[in-house]
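Reader: I should like to examine how the labels attached to this model are justified. Please set each value against its criterion.

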Amino acid sequence: AARAPAGLARLVLADAVGARPRRSLPRVLAARLRDALDPAEWGLNVRAAPHVVGNLWRHPRSWLYQVRAGALADVLGEAGSVRVPVLLAWGRRDRTMPLVCARRFAAALPSASIVVGPGSHDGLITHPEAFARALRSFAASTAGPAPGEPGSG
């Protein structure tokens, strides 16, 4: 959004990487394991486990690279350049990217709002109705012409 804003009218970040105060791969992996073992999220994690293990087995370097990149990402420096409304949708019990990350994003982004929903890091999947309500509300509250349309500024 900061590097290629053309055509972007809104942005939704759901439990996003890039704003952890203390970035470390072991810390993120341990937090992700705690989220995976959350009884409220158990069904999703049981269904996803074969895919995660399969990807790790077939593509270990790529899988580990992506996990490491996400764990160590820091995009707060660029966040101030985002000029569209941003919805920060976060799971109340997210340990992988805890709620403090949403607050750090909100402080760095010029036009951001936080919606805290049920669930952990996978709340948008395990609680789709709550996530959909947040998206509809955000879209309605930020309605306006798309970039490049008359009246878009």
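Reader: What makes the pairing of the side chains of Arg3 and Glu78 a salt bridge?

Author: The model is a predicted one. In it, the N to O distance between the side chains of Arg3 and Glu78 is 2.7 Å. A salt bridge requires a side-chain nitrogen of Lys or Arg within 4 Å of a carboxyl oxygen of Asp or Glu, and therefore the pair qualifies. The two residues belong to distant parts of the chain: Arg3 lies in the segment before strand 1 (11-14), Glu78 in helix 4 (residues 76-79), and 75 residues separate them.

Reader: Why is Arg3 called exposed?

Author: The relative accessibility of Arg3 is 71%. Exposed means over 50%, so Arg3 receives that label.

Reader: And why is Glu78 described as partly exposed?

Author: Glu78 has a relative accessible area of 30%. Buried means under 20% and exposed over 50%; the value for Glu78 falls in between, and therefore Glu78 is partly exposed.

Reader: How many salt bridges does a search of the whole structure find?

Author: The search finds five. Among them is the one between Arg23 and Asp74, whose side chains meet at 3.6 Å, N to O. This pair also links distant parts of the chain, with Arg23 in the loop between strand 1 and helix 1 (25-36) and Asp74 in the loop between helix 3 (60-72) and helix 4, 51 residues apart.

Reader: What makes Arg23 partly exposed?

Author: Its relative accessible area is 34%, which is neither under 20% nor over 50%, so Arg23 is placed in between. Asp74, with 44%, is partly exposed as well.

Reader: How do you know that the side chains of Asp35 and Arg95 meet in a salt bridge?

Author: Their N to O distance is 3.1 Å. The limit is 4 Å, so the pair meets the criterion. Asp35 is in helix 1 and Arg95 in the loop between strand 2 and helix 5, 60 residues apart.

Reader: Why is Asp35 called buried?

Author: The relative accessible area of Asp35 is 0%, and buried means under 20%, so Asp35 counts as buried. Arg95, at 31% relative accessibility, counts as partly exposed.

Reader: What joins the side chains of Thr96 and Asp35?

Author: A polar contact of 2.6 Å joins them. The cut-off for such an N or O pair is 3.5 Å, so this distance lies within the limit. Thr96 is located in the loop between strand 2 (86-91) and helix 5 (99-108).

Reader: Is Thr96 buried or exposed?

Author: Thr96 is buried, because its relative accessibility is 5% and the label applies under 20%. Not counting residues up to four places away in sequence, Thr96 touches Arg20, Val28, Ala31, Arg32, Asp35 and His121.

Reader: Why does His121 count as buried?

Author: His121 has 17% relative accessibility, and the label applies under 20%, so His121 counts as buried. His121 sits in the loop between strand 3 (112-117) and helix 6 (123-126). Its side chain makes a polar contact of 2.9 Å with the side chain of Asp94. Beyond neighbours within four places in sequence, the residues in contact with His121 include Asp15, Arg32, Asp35 and Met97.

Reader: What is Phi of Asp15 near, and where is Asp15 found?

Author: Phi of Asp15 is near 45°, a positive value in a residue other than glycine. Most residues other than glycine have a negative phi. Asp15 is found in the loop between strand 1 and helix 1. With 5% relative accessibility, against a limit of under 20%, Asp15 is therefore buried.

Reader: Which residues form a nonpolar patch on the surface?

Author: Leu33, Leu37, Trp42 and Val46 form the patch, with about 420 Å² of accessible area together. Val46, in helix 2 (residues 42-58), may serve as an example. Patch residues need over 30% relative accessible area, and Val46 has 44%, so Val46 satisfies that condition and is labelled partly exposed.

Reader: What does the secondary structure of the chain come to, and what share of the residues count as buried?

Author: The chain has seven helices and three strands, which run β-α-α-α-α-β-α-β-α-α from the N terminus on. Of its 153 residues, 31% count as buried.

Technical notes
Residues are numbered from 1 along each chain as its sequence is written. This is a predicted model: local features need pLDDT of at least 70, side-chain atom pairs count only at pLDDT 80 or more; totals for chains, interfaces and linings use all residues. Side-chain values use heavy atoms; hydrogens and water are left out. Patches are made of residues with over 30% relative accessible area and no salt bridge: like charges are joined within 9 Å, nonpolar side chains (Val, Leu, Ile, Met, Phe, Trp, Tyr) within 5 Å. Accessible areas come from the Shrake-Rupley method with a 1.4 Å probe; for residues, only the protein chains shown count as cover. Helices (H or I, at least four residues) and strands (E, at least two) are DSSP runs, numbered from the N terminus. Buried means under 20% relative accessible area, exposed over 50%, partly exposed in between (1.4 Å probe, protein chains only). A polar contact is a pair of N or O atoms within 3.5 Å; within protein, one must be able to donate a hydrogen and the other to accept it, and residues adjacent in sequence count only if both atoms are side-chain atoms. Contact means heavy atoms within 4.5 Å.
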